[in-house]
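Work through the exercises below with the model open beside you. Try each task before you read its solution.

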Amino acid sequence: MQSYYDKLIFDLSKPGRSGYSLPENTWGVTADALPEDLRRKTPAGLPQVSEPDVVRHYTNLSQMNFGVDTGFYPLGSCTMKYNPKINEQVASMPGFSALHPLQPEWTVQGALKLYYDLSRALSTLTGMSDFSLNQFAGAHGELTGLMIMRQYHRLRGDHGRTKVIVPDSAHGTNPASAAVCGLSVVQVKSLEDGTIDVGALKGLLDDSVAGIMMTNPNTLGLFETHVREIADLVHGCGGLLYYDGANMNALLGQVRPGDMGFDIMHLNLHKTFSTPHGGGGPGSGPVGVTSALAHCLPYPRVVRKNDGKYALLTDKDSCGRISGFMGNFGVLLKAYAYILMLGKQNVKNVGPYAVLAANYIKESLKDCYKLPIKGLCKHEFVFDGLAEDNGVTTLDVAKRLLDYGFHAPTIYFPLLFHQSMMIEPTETESKETLDAFIGVMRKIAEEAKSDPEMLRSAPHNTPVGRPDETSAATHPVLKYSDMQ
Ligand SMILES: *Cc1c(COP(=O)(O)O)cnc(C)c1O
């Protein structure tokens, strides 16, 4: 039954009720100050509600949501780690939050220094020479990285390189970014063990290859041990290596993409570097390159001049401008605070703890869930549904987890398996939380045997159960129907 508080704010509307009072118009501004064609002819049709109505409406809505602040969120390939609250405090300091992007350079030296110092810290962590922080998301970073790749070949007069090789295990954004960049995508197969088939790769290499996009550990959470050989092969045919570093958690402070032979990479600050994400933003996908490619980075770049001042640089060889200003600056602040808070020593603990947590869950559950790729994983791993087939699907398990207060893992991705469940616990969860999750996963495996029907109709305790996800994406209802 719908409760009073489930009502939409338009249902609560009563003519004449109001939750605000505008300040007195002491400047003598009248409606004529606006041009006639911009003035509203009919009232806006906003709900007429009191302040408590508004507060309760939004507070109730917020409680229907699931977030990393409300519970464990083991979403593979998304790195939902805890977002330290000190990051928010730093990002809301007025010296940063009140800046205007069009302020003259000399008035924003502190912000430019922070941008510069963060890019240096990311270079240290990744082994790349230079970073641009102007990208708004991981996929935006990929597009920028591919534009840099294309620009590099162009500047050398090497115009025939139009192909990008992408492994079949790649994150979906990789081939999409290549296509948006106007490059054609060629897929390379994975072997049984989940790593790239180097033999098949050899057959694809020629002088039409712009480069390869890969990630290590790959999307199955496995470390590509042949990465140096792959680097030599791709470089040998004149191509470049792109590293998708959205999920660098396993490697942070341990191994660096620059040392593995990669030329270009992006990071997701809103995954590996603890800034909040979900719901579409705001994100940040910094792009790093080797020194041979630094001139192709997007403009403006922040440089430190000999006199110690910071300035914006537009390189004539740049691949172009890819964002209005300097990226999502608030996200940069949060990531910077996170890196400084960990420091050089503790940053090295992120990888081992994330890897330990993933392996602990995997080993504790592999008797009740199908583990297609055995052995040590990195920060995430994939189950292929329940070990015993009772007609209960991965979707059913995912929905039932919500009843127990856990967010579902990533499901039906990667596409290599039919019932994929991709689990990534991160380093920020305690052993008690991991044990509670393992306990519930085991319980659901039991329920799949004793009461499969109940699982097929889960979740039973959430405000929304099984929405039609396709219609929700293709025909979203964004407007209250009575207000058309
Ligand atoms: C999340 C992710 C991306 C895309 O990042 P967005 O910020 O969502 O655009 C790319 N690659 C991998 C491996 C990812 O996990």
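The exercises cover a buried lysine, salt bridges, strand pairing and unusual backbone angles.

This is a predicted model: local features need pLDDT of at least 70, side-chain atom pairs count only at pLDDT 80 or more, and totals for chains, interfaces and linings use all residues. Residues are numbered from 1 along each chain as its sequence is written, and side-chain values use heavy atoms, with hydrogens and water left out.

**Exercise 1. A buried lysine**

Task: Locate lysine 271 and describe its surroundings.

Solution:
- Step 1. Find the place. Lysine 271 sits in the loop between β6 (264-267) and β7 (287-289). Helices (H or I, at least four residues) and strands (E, at least two) are DSSP runs, numbered from the N terminus.
- Step 2. Check burial and charge. Lysine 271 is buried, yet it has no salt bridge. Buried means under 20% relative accessible area, exposed over 50%, and partly exposed in between (1.4 Å probe, protein chains only). A salt bridge needs a side-chain nitrogen of Lys or Arg within 4 Å of a carboxyl oxygen of Asp or Glu. The nearest side chain of opposite charge is aspartate 244, 6.8 Å away. Here Lys and Arg count as positive, Asp and Glu as negative; His and the chain ends are not counted.
- Step 3. Look for a polar neighbour. A polar atom of the lysine 271 side chain lies 3.2 Å from the backbone oxygen of serine 77.
- Step 4. List the contacts (heavy atoms within 4.5 Å). Neighbours within four places in sequence are left aside; the partners of lysine 271 then include Ser77, Thr79, Asn247 and His277.

**Exercise 2. Salt bridges**

Task: How many salt bridges are there? Which parts of the chain does the pair of lysine 334 and glutamate 88 tie together?

Solution:
- Step 1. Count. The rule from Exercise 1 gives 22 salt bridges.
- Step 2. Take the pair. Lysine 334 bridges to glutamate 88, with the closest N and O atoms 3.3 Å apart. Lysine 334 lies in helix α10 (residues 329-365) and glutamate 88 in helix α2 (residues 85-91), so the pair ties together parts 246 residues apart in sequence.
- Step 3. Compare the surroundings. Lysine 334 is buried because its relative accessibility is 14%. Glutamate 88 is partly exposed, at 29%.

Task: Is each partner in the bridge between arginine 400 and glutamate 447 buried or exposed?

Solution:
- Step 1. Find the bridge. The closest N and O atoms of arginine 400 and glutamate 447 are 2.9 Å apart. Arginine 400 is in helix α11 (residues 394-403) and glutamate 447 in helix α12 (residues 431-450), 47 residues apart.
- Step 2. Read the accessibility. Arginine 400 has 12%, so it counts as buried. Glutamate 447 has 11% and is buried.
- Step 3. Look for a network. Salt bridges that share partners join Arg156, Asp158 and Arg161. One of these bridges links aspartate 158 to arginine 156, with closest N and O atoms 3.7 Å apart.

**Exercise 3. Strands**

Task: Which way do β2 and β3 run, and how does the chain cross between them?

Solution:
- Step 1. Recall the pairing rule. Two strands pair if DSSP finds at least two bridges between them.
- Step 2. Apply it. Strand β2 (residues 163-167) and strand β3 (residues 184-188) run parallel, joined by five bridges. Proline 167 stands opposite valine 188 in β3.
- Step 3. Trace the crossover. From β2 the chain passes through helix α6 (residues 173-180) to β3, and this β-α-β crossover is right-handed. With the strands pointing away from the viewer, the path from the first strand over the helix to the second then runs clockwise.

Task: What is the strand order of the open sheet of three strands?

Solution:
- Step 1. Read the order. It is β10-β12-β11, with antiparallel pairing.
- Step 2. Name the edges. β10 (381-384) and β11 (410-411) each pair on one side only.
- Step 3. Inspect one pair. Four bridges join β10 to strand β12 (residues 420-423). Phenylalanine 381 has isoleucine 423 in β12 as its bridge partner.

**Exercise 4. Unusual backbone**

Task: Where are the cis peptide bonds before proline 217 and proline 300?

Solution:
- Step 1. Recall the norm. Most residues other than glycine have a negative phi, and most peptide bonds are trans.
- Step 2. Take the prolines. The bond from asparagine 216 to proline 217 is cis, with omega near 0°. Proline 217 is in the loop between β4 (209-214) and α8 (227-236). The bond from tyrosine 299 to proline 300 is cis too, with omega near -5°. Proline 300 is in the loop between β7 and β8 (301-304).

Technical notes:
A polar contact is a pair of N or O atoms within 3.5 Å; within protein, one must be able to donate a hydrogen and the other to accept it, and residues adjacent in sequence count only if both atoms are side-chain atoms.
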